[in-house]
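Trainee: I would like to take a careful look at one part of this protein, and I would be glad if you could lead me through it slowly.

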Amino acid sequence: MASVFSHAVAALGIGACFYRPGTPNRVWVVGAACSVVPDLDVIGFRFGIPYGDFWGHRGFTHSLVFAAILASAAVLIGFRKGEPGLGHFSLWIYFFSATASHGLLDAMTDGGLGIAFFSPFNNTRYFLPWIRVSPIGVNRFFSPRGLEVVRSELLWIWLPAALLLASAWLIRRRAVAST
Ligand SMILES: [Zn+2]
């Protein structure tokens, strides 16, 4: 399971694609929050909800439908007037992508059950096996499992997010320079 921080970093990386000069920081804060919300489903364990259940961990809250609902709620509650350079639709797409990225990242990690992307229509749990992180290999050199997780998250999440942020910054600098 990807850590809370990595989910938020991914949301910020996606945010780089939506960045406009003058966009207030609260847009990125809400985006980062959206990317973390799906894991609130772990509360279900306390109430005895089984892992594989509709409301179980990585169930409905990790689905695309939930991402659409959360994005709609965020726009309706927090951004009724839109933001400079970012209309309702762009904001919605950003919040949707930030939330949906959570399930995608979870699906890349092994351990536990897969992600119910198509809940509530289909409760099948999916993995993305072709980029599934394997603990074999690195463990020969560094035995702590934690180090492996950090390494894979740096590679698959922090690095792409940093690249996105850097490219957005470069594009903006060019735009500023050419005006
Ligand atoms: Zn999760």
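What follows is a request about one metal site and a single connected reply.

Trainee: Which residues are the protein donors of the zinc ion, and where along the chain do Asp-39 and Asp-106 lie?

Mentor: Please keep in mind that this is a predicted model, and that each value here is computed from it. The zinc ion has as its protein donors Asp-39, through OD, His-62 and His-102, each through NE2, and Asp-106, again through OD, and these lie 1.9 to 2.1 Å from the ion. Along the chain the donors follow the spacing D-x22-H-x39-H-x3-D. Asp-39 sits in the loop between helix H2 (25-36) and helix H3 (43-46), whereas Asp-106 belongs to helix H5 (residues 88-108), so this pair ties together parts that are 67 residues apart in sequence. If you look at the angles, the 4 donor atoms subtend 91 to 166° around the zinc ion, which makes the arrangement irregular, because four donors count as tetrahedral only if all angles lie between 85 and 135 degrees. Both aspartates can also be judged by their accessibility, where buried means under 20%: Asp-39 counts as buried at 11% relative accessibility, and Asp-106 counts as buried at 1%.

Helix H2, which comes before the loop of Asp-39, has Val-27, Trp-28, Gly-31, Ala-32, Cys-34 and Ser-35 as its buried residues. Seen down the axis of H2, these fall within an arc of 155°, so they line one face of the helix, while Asn-25 and Val-29 are exposed on the other side. The cover over the buried residues of H2 includes helix H1 (4-16), H4 and H5, and H5 is also the helix that holds Asp-106.

Terms used: Residues are numbered from 1 along each chain as its sequence is written. This is a predicted model: local features need pLDDT of at least 70, side-chain atom pairs count only at pLDDT 80 or more; totals for chains, interfaces and linings use all residues. Side-chain values use heavy atoms; hydrogens and water are left out. Donors are N, O and S atoms within 2.8 Å of the metal (3.2 Å for Na, K and Ca); water is not among the atoms, so sites may look incomplete. Four donors count as tetrahedral if all angles lie between 85 and 135 degrees; four count as square planar and six as octahedral if opposite donors are over 155 degrees apart and all others between 65 and 115; anything else is irregular. Helices (H or I, at least four residues) and strands (E, at least two) are DSSP runs, numbered from the N terminus. Buried means under 20% relative accessible area, exposed over 50%, partly exposed in between (1.4 Å probe, protein chains only). The arc is that of the directions from the helix axis to the C-beta atoms. Contact means heavy atoms within 4.5 Å.
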